[in-house]
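Please look over the sequence and the model below before reading on. The text then goes through the parts one at a time.

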Amino acid sequence: MATCKIAVIVGSIRKDSFNSKLAKALEKLFPADFSFLHVRIDDLPPYNQDDDASPCAEVVRLKSDIVAAQGLLFVTPEYNRSIPGVLKNAIDHASRPYGKSVWNGKPAGVIGVSVGPIGTALAQQHLRNILAYLNVPTLGQPEAFIQNKEGLYDAAGQIGEASQKFLQGWVDAYVAWIRKHA
Ligand code: FNR
């Protein structure tokens, strides 16, 4: 069975990130032909247009990870009602030089978990604006704004019963979206 490789881009570089945990738990809800590559963004330098002609090894790696994927999964926290700077930095790196963006045409889904009740809604909205500009077809519905609260996970760290149906529905819609656009 051919595998559909998904580049997972987590917008937090924190060791115990809730978003990283969510990304890993979601992977268990996917069909067997999906595989996941966690894209590293914590060692990228601040984007500088002067370096476009000679990108460092970390930026080359980022771009090749995106190129190798059939789809993108953004799992991001909300920082001050937007996306974290580290995520924007990674997006900017992989979008340049002008006309050579590796994001172009890659289908994506956006999800995120926060401690607050709006569950990354505003961060996701900002991210959708960026992805629209970058010509990334992004799953519109269902939206998934997740709050990190009791019952999200079971004792084994997998998606708990209370959230299972909703998140399985989200994953199923995402899988159909990727299959349609990949
Ligand atoms: C936050 N947090 C936060 N939460 C939220 O719901 N809306 C927000 O605008 C913000 N803003 C914000 C800014 C900064 C600089 C930090 C450090 C945090 C709280 C955030 O949801 C919480 O720290 C999550 O745990 C971050 O996600 P990870 O790192 O656990 O994946």
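Is serine 95 buried or exposed? The model is a predicted one, and in it serine 95 has a relative accessible area of 12%. The cut-off for a buried residue is under 20%, so serine 95 counts as buried. Serine 95 sits in the loop that runs between α3 and β4. A polar atom of its side chain lies 2.7 Å from the backbone oxygen of aspartate 92. Apart from neighbours within four places in sequence, serine 95 is in contact with Ser101, Trp103 and Leu134.

The loop of serine 95 leads from a helix to a strand, and the strand is a good place to turn to the sheet. The sheet is open and has 5 strands, in the order β2-β1-β3-β4-β5, with parallel pairing. Strands of a sheet pair through backbone hydrogen bonds, and the pairing can be parallel or antiparallel. At the edges stand β2 (34-38) and β5 (145-147). Each of these two has a single partner strand, so one side of each has no neighbour in the sheet. From one strand to the next, the twist averages 25°.

Within the sheet, β3 (residues 71-75) and β4 (residues 108-114) run parallel and are joined by 4 bridges. One of the pairs is phenylalanine 74 with valine 110 in β4. In another, valine 75 has isoleucine 111 of β4 as its bridge partner. Strand β4 is mostly covered, with 7 of its 7 residues buried. Ala108, Val110, Gly112 and Ser114 point one way from β4, while Gly109, Ile111 and Val113 point the other way. The residues on both sides of β4 are buried.

The edge strand β2 holds serine 35. What does a relative accessibility of 25% make serine 35? A residue is buried under 20% and exposed over 50%, so serine 35 counts as partly exposed. Serine 35 touches Thr3, Cys4, Lys5 and Ile6, with residues up to four places away in sequence left out of the count. Its C-alpha is 8.8 Å from that of alanine 7, although serine 35 and alanine 7 are 28 residues apart in sequence.

Next comes a helix that lies over the sheet. Helix α1 lies across β1 (4-10), β2, β3, β4 and β5, and runs at about 130° to β4. Which residues of α1 are buried? They are Asn19, Ser20, Leu22, Ala23, Ala25 and Leu26. These buried residues pack against β1, β2, β3, β4, β5 and also α5 (161-181). Lysine 24 belongs to α1 (residues 18-27) as well. With a relative accessible area of 45%, lysine 24 is partly exposed. Lysine 24 and glutamine 158 are 134 residues apart in sequence, yet their C-alpha atoms are 8.5 Å apart in space.

The N-terminal end of α1 is capped by serine 17, with a side-chain oxygen of serine 17 lying 3.0 Å from the backbone nitrogen of asparagine 19. Serine 17 is also touched by serine 12, which lies in the loop between β1 and α1. Serine 12 touches Pro77 too, when residues up to four places away in sequence are not counted. The side chain of serine 12 reaches the backbone nitrogen of arginine 14 at 3.2 Å. Serine 12 has a relative accessibility of 11%, so serine 12 counts as buried.

The last part is a pair of helices, α2 and α3. At what angle do helix α2 (residues 57-67) and helix α3 (residues 85-94) pack? The angle is about 80°, and the axes of α2 and α3 are 9 Å apart. Angles of 65 to 115 degrees count as roughly perpendicular, and α2 and α3 are therefore roughly perpendicular to each other. On the α2 side, the residues that meet α3 are Val59, Leu62 and Lys63. On the α3 side, they are Ala90, His93 and Ala94. By class, this contact has 4 nonpolar, 1 polar and 1 charged residues.

How values were computed
Residues are numbered from 1 along each chain as its sequence is written. This is a predicted model: local features need pLDDT of at least 70, side-chain atom pairs count only at pLDDT 80 or more; totals for chains, interfaces and linings use all residues. Side-chain values use heavy atoms; hydrogens and water are left out. Buried means under 20% relative accessible area, exposed over 50%, partly exposed in between (1.4 Å probe, protein chains only). Axes are lines fitted to C-alpha atoms, for helices over the stretch in contact, and angles run from 0 to 180 degrees between N-to-C directions. Angles under 35 degrees count as roughly parallel, over 145 as roughly antiparallel, 65 to 115 as roughly perpendicular and the rest as oblique. Contact means heavy atoms within 4.5 Å. Ala, Val, Leu, Ile, Met, Phe, Trp, Tyr, Cys and Pro count as nonpolar, Asp, Glu, Lys and Arg as charged, and the others, Gly among them, as polar. Two strands pair if DSSP finds at least two bridges between them. A polar contact is a pair of N or O atoms within 3.5 Å; within protein, one must be able to donate a hydrogen and the other to accept it, and residues adjacent in sequence count only if both atoms are side-chain atoms.
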